[in-house]
Amino acid sequence: MMLEPLLIVELAALGLCTGFLAGLLGIGGGMIMVPFITVILSGRGVAPDLAVKMAIATSMATIIFTSVSSVRAHHKRGAVRWDIVKLLAPGIVIGAALASLGVFSLLKGSSLALLFAAFVAFSATQMLLNKKPQASRTLPGPAGQLGAGTVIGFLSGLVGAGGGFVSVPFMTWCNVAIHNAVATSAGLGFPIALANGIGYVVSGQGVANLPSGSLGYVYLPALLVIGIASVLMAPVGVKAAHALPVASLKRVFASILYGLAAYMLYKGLST
């Protein structure tokens, strides 16, 4: 599979930016990747409806790689609550299967674009306000965590994100320390991405007009180039976080996210 130089440059630049911002601000790359992969695919003749679906699927698949490096760093600090990961993971797989194998393939790309726009706008608002839920209860038992994991896996599968936007507030609400919640969310990223990624590949089999280099809904050139670039750049972002005014940068980035949400809203309404 031959890749044109311009495509490699575009995907590498996106991967480098995504990795740096993920390390700097602790945000999931899907909020950035999905709009830009949509632009890249649309510019190469992929139908708008299909481009949105492929962007969401490919964004999720890249988390398979980025989550490994992230969770290793957190694990070395002893911050990952593996007891929580073990109880949430089965539900995540169930929710991911329901999303990527079922609802995702049934919904139009325009509907997914609108859902993604709402998710990004919500995330931007949370980042801007810097509000955290008050710890008001303890973690539920195995059945409750199975249900919570199902919700996390399902919502992640529809928007192509790693689940931190749901799992971190949930754990914080359940009296898990914020640094443990963030680290544990990183540990959940791998099962979320793997389960949904497999689902996107299976549900995308036989879909008409997929571009060359596609495996189901996953666009392999983007998965490879973005995955490598973001993994290499994330540690740079982590180091920069100790030298730059992260709180101020989050406010600026929130404004950028509103712009990306507006673009996906436009795509959803125009396709």
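## A guided tour, starting at a cysteine

Select C174 to begin: its relative accessibility is 3%, so this residue counts as buried. Keep in mind as you look around that this is a predicted model.

Now pick C17 for contrast. Here the relative accessibility is 46%, and C17 therefore counts as partly exposed, since that class lies between the 20% and 50% limits. With two cysteines on screen, you may want to look for sulfur pairs. How many disulfides does a search of the whole structure find? The count is zero.

**Zoom out to the whole chain**

Show the cartoon and colour by secondary structure. You should find 10 helices and two strands in the protein chain. Walking from the N terminus, the order of elements is α-α-α-α-α-α-α-α-β-β-α-α, with the two strands following the eighth helix and two further helices after them.

Switch to the C-alpha trace and align the view with the principal axes: the trace spans about 50 × 40 × 35 Å. A compact globule of 271 residues would have a radius of gyration near 18 Å, and the protein chain has 17 Å, so the two agree. If you colour by burial, buried residues come to 47% of the 271. A contact map is worth opening too: of the contacts with a separation of 6 or more, 81% join residues 24 or more positions apart.

**Select helix α8**

Next, select residues 178-203, which form helix α8. Two stops on this helix are T184 and I198.

Start with T184. Is this residue buried or exposed? Its relative accessible area is 0%, so T184 is buried. To see what surrounds T184, show its contacts beyond the neighbours within four places in sequence: A79, V80, R81, I84, V85 and M171. Then draw a C-alpha to C-alpha distance from T184 to W82: the pair is 102 residues apart in sequence, yet 7.1 Å apart in space.

**Turn to the surface**

Move on to I198 and switch on the molecular surface. I198 belongs to a nonpolar surface patch together with V68, L101, F190, L194 and V202; select these residues to see an area of about 490 Å². Which helix gives the most to this patch? It is helix α8, with four residues.

For a last view, show the surface of the whole protein chain. About 12,100 Å² is exposed, and carbon and sulfur atoms supply 71% of that area.

Key:
Residues are numbered from 1 along each chain as its sequence is written. This is a predicted model: local features need pLDDT of at least 70, side-chain atom pairs count only at pLDDT 80 or more; totals for chains, interfaces and linings use all residues. Side-chain values use heavy atoms; hydrogens and water are left out. A disulfide is a pair of cysteine sulfur atoms within 2.5 Å. Buried means under 20% relative accessible area, exposed over 50%, partly exposed in between (1.4 Å probe, protein chains only). Patches are made of residues with over 30% relative accessible area and no salt bridge: like charges are joined within 9 Å, nonpolar side chains (Val, Leu, Ile, Met, Phe, Trp, Tyr) within 5 Å. Accessible areas come from the Shrake-Rupley method with a 1.4 Å probe; for residues, only the protein chains shown count as cover. A salt bridge is a side-chain nitrogen of Lys or Arg within 4 Å of a carboxyl oxygen of Asp or Glu. The radius of gyration is taken over C-alpha atoms; the globule rule is 2.2 Å times the number of residues to the power 0.38. Contact means heavy atoms within 4.5 Å.
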